[in-house]
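Work through the exercises below with the model open. Each task is followed by a solution in steps.

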Amino acid sequence: MSETSTVFVTRKIPDAGLELLRQAGVELVIGQEDEERGLDRQALLDGVARCDVLLPLLTEPIDRQVLAHNPRLLGVAQMAVGYNNIDVAAATELGIPVANTPGVLTETTADLTWALLMAVARRVVEAHAYMVAGRYKLWGPNLFLGSDVGTGASGRRKVLGVIGYGRIGQAVARRSTGFDMEVLAYDPYNRDGIARDPIAAWADFEELLERSDFVTLHVNLTPETEHLIGEPELRRMKESAFLINAARGPVVDERALVRALQEGWIAGAGLDVYEDEPRMAPGLAECSNAVLLPHIASASHDTRSRMATMAAENALCHLRRQRAPNAVNPEVYDSGAYRRRAGG
Ligand code: DGY
């Protein structure tokens, strides 16, 4: 690693990550200091052209043009576990390793999934708005009736349906044991894991939708999972069921979801992500049976600091021409394109 190595950090990340890079003698360029503004395309291209390693966030499309903009680029170290904003196939072809930050945000994301689930089932946000508006005048037996998450007075075990049973889906399932729920899981890439799992039982996709009281999504966004939940799937769910999405917005057809919420095909939704983020589909903001958050599933102080540190560690691996342990395209290291780029 030369003394003049530069990492282009597209937008401000937590100090712990920046500090690690500074201590390693790296020159840091931050593309956008204003946390409420994105980085425009030209600034992204200019920054990439001048750096050795790119450290982006999920808000920047890192497509072929960006990746090809600098023949000296040694790697991409994204601060996120999801990397659907990066054209990984193009990066591999161009000999560029891409790394992410898996694992460290699993528990925090599972916590927020439950916060959404509880909030929408028990109408916490609606009731809070009622309080702060000064509308609470008298306790009433019919005030803000919601749905039980545990068995409640019905005595019936509620069914939690987890779609995508990787690290986060499993962490969500683990949290259900205190509620004595029946857990169904669907994940065609982890059939064996589900078969061995002490908490969840395998269910086919349609069965899971039909039987679950809560359907929670934990899949990556890929062409296969885009609009995984659309009108037919929402109509298949129970009218009393809730949909939770803390994965990626385009997994749900948001316009169909708005109709489902307005017309009562399902009881409610808890969303942390949106199809055309940060915009919401028309009508969604007016749905009182939706709890809506601004993509904060991993937003705890500790987790975001750890994600920043991990991204910085990945960036240092790229600069030192070492294999990044979290490379999502590790095959790139055996390619001639990488060797030429890395100069060896
Ligand atoms: C991720 O890491 O992919 C989340 O969406 C943001 O933490």
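Helices (H or I, at least four residues) and strands (E, at least two) are DSSP runs, numbered from the N terminus. The model is predicted: local features need pLDDT of at least 70, side-chain atom pairs count only at pLDDT 80 or more, and totals for chains, interfaces and linings use all residues. Residues are numbered from 1 along each chain as its sequence is written, and side-chain values use heavy atoms, with hydrogens and water left out.

**Exercise 1. Describe the overall build of the protein chain.**

Step 1. Count the elements: the protein chain has 13 helices and 12 strands.

Step 2. Compare the radius of gyration with the globule rule. The radius is taken over C-alpha atoms, and the rule is 2.2 Å times the number of residues to the power 0.38. The protein chain has a radius of 22 Å, close to the 20 Å that the rule gives for 344 residues, so it is as compact as a globular protein of that length.

Step 3. Add the extents: the C-alpha trace spans about 70 × 50 × 30 Å along its principal axes.

Step 4. Find the buried share. Buried means under 20% relative accessible area, exposed over 50%, and partly exposed in between (1.4 Å probe, protein chains only). Of the 344 residues, 51% are buried.

**Exercise 2. Place strand β9 among its neighbours and describe its two faces.**

Step 1. Identify the partners. Two strands pair if DSSP finds at least two bridges between them. Strand β6 (residues 159-163) runs parallel to β9 and is joined to it by 4 bridges. Strand β10 (residues 242-245) also pairs with β9 in the parallel sense, over 4 bridges.

Step 2. Read the register at V215. Opposite V215 in β9 stands G161, and V215 also stands opposite L243 in β10.

Step 3. Assign the faces. In a regular strand the side chains alternate between the two faces of the sheet. In β9 (residues 214-217), F214 and T216 lie on one side, V215 and L217 on the other, and all four are buried.

**Exercise 3. Examine the backbone at P278, D180 and R321.**

Step 1. Check omega: the peptide bond from E277 to P278 is cis, with omega near 5°. P278 lies in the loop between β11 (268-271) and β12 (290-292).

Step 2. Check phi at D180, a residue other than glycine: the value is positive, near 50°. D180 sits in the loop between α7 (167-175) and β7 (182-186) and is partly exposed, at 41% relative accessible area.

Step 3. Repeat for R321, also not a glycine: phi is positive, near 60°. R321 belongs to the loop between α12 (301-319) and α13 (336-342) and is partly exposed, with a relative accessible area of 42%.
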